[in-house]
Amino acid sequence: MRRRRPLLPVPPAPVSPGEGGAPPVPLRHLPGVRINGERANPTGSFKDRMASPAAPWARDRGLGTVAAASTGHAAVSTAAYAAAAWAVRHGRGDGYAPS
């Protein structure tokens, strides 16, 4: 994210608990082929790259709540980065989150 910040349309103050820089991991079954080791990201997902600018963007605009239409990695990343950016306030656990 730090390298691509100048390309973002509205550069937020980034929240970066250590995403990016995923080390290349060799594939055992395909010699010479490497893939990004996304498990090195804070939540273990490539979705951290999406949540890193999104949560601060919401925070900088005064939004008190963020949401993700996901039950998987995107939801976990959004929650982690929103908490890090202080974008989420207290929720009751029933889907309602006051703003």
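**Entry 1: order of elements.** I read the elements along the sequence and got the pattern β-β-α-α. The count is two helices and two strands. I note here that the model is predicted.

**Entry 2: totals.** I looked up burial for the protein and found that buried residues make up 23% of its 99 residues. I then took the accessible surface, which comes to about 6,900 Å². Carbon and sulfur atoms account for 59% of that surface. For contacts between residues at least 6 apart in sequence, I asked what share joins residues at least 24 apart, and the share is 51%.

**Entry 3: helix α1.** I checked the length of α1 (48–60). The helix has 13 residues, which should span 18 Å at 1.5 Å a residue; the end C-alpha atoms are 19 Å apart, so the two values agree. I listed the buried residues of α1 as Asp-48, Ala-51, Ser-52, Pro-53, Ala-55, Pro-56 and Ala-58. The cover over these buried residues includes α2. Just after α1 I found Gly-62 with a positive phi of about 80°.

**Entry 4: helix α2.** I repeated the length check on α2, which has 12 residues. From first C-alpha to last, α2 reaches 16 Å, close to the expected 16 Å. Its buried residues are Ala-74, Ser-77, Thr-78, Tyr-81 and Ala-82. On which side of α2 do they sit? They lie on the same side, because they cover an arc of only 125° around the axis. I then looked for what they pack against, and found α1.

**Entry 5: nonpolar core.** I recorded a general point before the search: nonpolar side chains in soluble globular proteins tend to be buried together. The largest nonpolar core here has six residues: Val-15, Ala-51, Ala-55, Tyr-81, Ala-82 and Ala-85. The elements giving two or more residues to this core are α1 and α2 (73–84). Of the core members, I followed Ala-85 further. Leaving out neighbours within four places in sequence, I found Ala-85 in contact with Val-15, Ala-55, Pro-56 and Arg-59. Val-15 and Ala-55 are also listed in the core, and Pro-56 is one of the buried residues of α1.

**Entry 6: salt bridges.** How many salt bridges does a search of the whole structure find? I got two. In general, side chains of opposite charge can pair when their charged atoms come close.

I took Glu-38 and Arg-49 as one pair, with the closest N and O atoms 2.8 Å apart. This pair links distant parts of the chain: Glu-38 is in the loop between β2 (34–36) and α1, and Arg-49 is in helix α1, 11 residues apart. I looked up whether Glu-38 is buried or exposed. Glu-38 has 16% relative accessibility and therefore counts as buried, the cut-off being under 20%. Arg-49 is partly exposed, with a relative accessible area of 34%.

The other pair I noted is Arg-59 with Asp-60, where the closest N and O atoms are 3.1 Å apart. Arg-59 has a relative accessible area of 25% and is partly exposed. Asp-60 is partly exposed too, at 43%. I had already met Arg-59 in the contact list of Ala-85.

Notes: Residues are numbered from 1 along each chain as its sequence is written. This is a predicted model: local features need pLDDT of at least 70, side-chain atom pairs count only at pLDDT 80 or more; totals for chains, interfaces and linings use all residues. Side-chain values use heavy atoms; hydrogens and water are left out. A nonpolar core is a set of buried Ala, Val, Leu, Ile, Met, Phe, Trp, Tyr and Cys residues joined through side-chain atoms within 4.5 Å. Buried means under 20% relative accessible area, exposed over 50%, partly exposed in between (1.4 Å probe, protein chains only). Helices (H or I, at least four residues) and strands (E, at least two) are DSSP runs, numbered from the N terminus. Contact means heavy atoms within 4.5 Å. The expected span of a helix is 1.5 Å times one less than its number of residues. The arc is that of the directions from the helix axis to the C-beta atoms. A salt bridge is a side-chain nitrogen of Lys or Arg within 4 Å of a carboxyl oxygen of Asp or Glu. Accessible areas come from the Shrake-Rupley method with a 1.4 Å probe; for residues, only the protein chains shown count as cover.
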